[in-house]
Amino acid sequence: MSETPTQGASYAAAGVDIEAGDRAVELMKEWVKKTQRPEVLGGLGGFAGLFDASALKRYERPLLASATDGVGTKVDIARRMGVYDTIGHDLVAMVMDDIVVCGAEPLFMTDYICVGKVHPERVAAIVKGIAEGCVLAGCALVGGETAEHPGLLGPDDFDVAGAGTGVVEADRLLGAERVREGDVLVAMAASGLHSNGYSLVRHVLLDRAKLGLDQHIDDLGRTLGEELLEPTKIYSLDCLALMRTAEVHAFSHVTGGGLAANLARVIPDDLHAVVDRSTWTPAAVFDLVGKTGDVERLELEKTLNMGVGMIAIVPEQSADVALAALADRGVDAWVAGEITERGDHATGAALVGDYAG
């Protein structure tokens, strides 16, 4: 009896395409190169990204700041729409705008992209968005990892995460210890939903209301998908420029948990931040989510940014200079509240009044 030939197992048969991965790396190289700073050594392909730390010698006492994050379920919107070159902006914003909160200059970032199947052009598009975001944040993209997970993720599924490093002079470190009674809150407008609350947004608009991503929404002036994929505003360079122009005591990056909860993280135990809703009108998308899902205002406010992506806490006498500096950079900003004594308030921050409009 003759034996039937059998084919041995292989990585490719298990679902991992090494050649596709190599092709993705080649496609992304041109975008990564655009992010390079003078301190970066080498290029893609090494086991680690190299950054010349001798550049920090100009600091008296340099403090390194680090952060890591992802973009949550917003990746599902990108996947459904087949648009992959904007989600990287969101990733950089989530990481580097956390770093700049303490006054740190963003230096470099690494990314992690996990896919069910490597489609080189898709991976390259994701990295293109990350690289463009790094340019907007003033940092270098020094490396990353693309992992293929067949059997755990579907062929079109993916997720992204990143980690970043920045530096700040110790005596210029921002935070709660600098905040004083009488300081004012300078709010910087968000570009949209940014990258938080998408589990609620998807549940309300897609699962319950059955709205289509290609459906034009008159109040939004564009399709729902275009609105939901609007990239997160990157404030890093705006915040650094503001620090050079005006006295700044603290920043608060408004992400998961909403405006009040994130603001409370930089308020001293004996003080309280009062945010006046009447100073701005949230964009139409927030009203769409609230009315469509019958979501209570407080629930919206603890989930979404409600139109404010970053807050600078500055002395009252610095407010006009701060607003002018931000206006010069094209940032829509306004005084949205003040710092008061804590008194009987149980929390560090609260929203009062009703939204304008």
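Colleague: Glad to look at this with you! At what angle do helix α2 and helix α5 pack?

Modeller: Keep in mind that this is a predicted model. Helix α2 covers residues 74-81 and helix α5 covers residues 198-208. Their axes lie 8 Å apart, and the packing angle is about 50 degrees.

Colleague: Is α2 parallel or oblique to α5?

Modeller: The two helices pack at about 50 degrees. Angles under 35 degrees count as roughly parallel, and 65 to 115 as roughly perpendicular. The angle here falls in neither range, so α2 is oblique to α5.

Colleague: Which residues of α5 make the contact with α2?

Modeller: From α2 come Lys-74, Asp-76, Ile-77 and Arg-80. The residues of this contact divide into three nonpolar, no polar and four charged. On the α5 side, the contact is made by Tyr-198, Arg-202 and Leu-206.

Colleague: Now to the sheet. Which are the edge strands?

Modeller: The sheet is open, with six strands in mixed pairing, and its order is β10-β12-β7-β13-β11-β14. An edge strand pairs on one side only. That describes β10 (250-253) and β14 (349-352).

Colleague: What is the bridge partner of Val-275 in β14?

Modeller: Strand β11 spans residues 271-276 and pairs with β14 in the parallel sense over four bridges. In β14, the partner of Val-275 is Leu-351.

Colleague: And what angle does the direction of helix α11 make with that of β13?

Modeller: Helix α11 (residues 319-328) packs on the sheet and touches β7 (184-189), β12 (308-314) and β13 (333-341). Its direction and that of β13 make an angle of about 150 degrees.

Notes
Residues numbered from 1 in each chain as written. Predicted model: local features only at pLDDT ≥ 70, side-chain atom pairs only at ≥ 80, totals over all residues. Heavy atoms only, no water. Pairing = 2+ DSSP bridges. Contact = heavy atoms within 4.5 Å. Axes fitted to C-alpha atoms, helices over the stretch in contact; angles between N-to-C directions. Parallel < 35°, antiparallel > 145°, perpendicular 65-115°, else oblique. Nonpolar A, V, L, I, M, F, W, Y, C, P; charged D, E, K, R; others polar.
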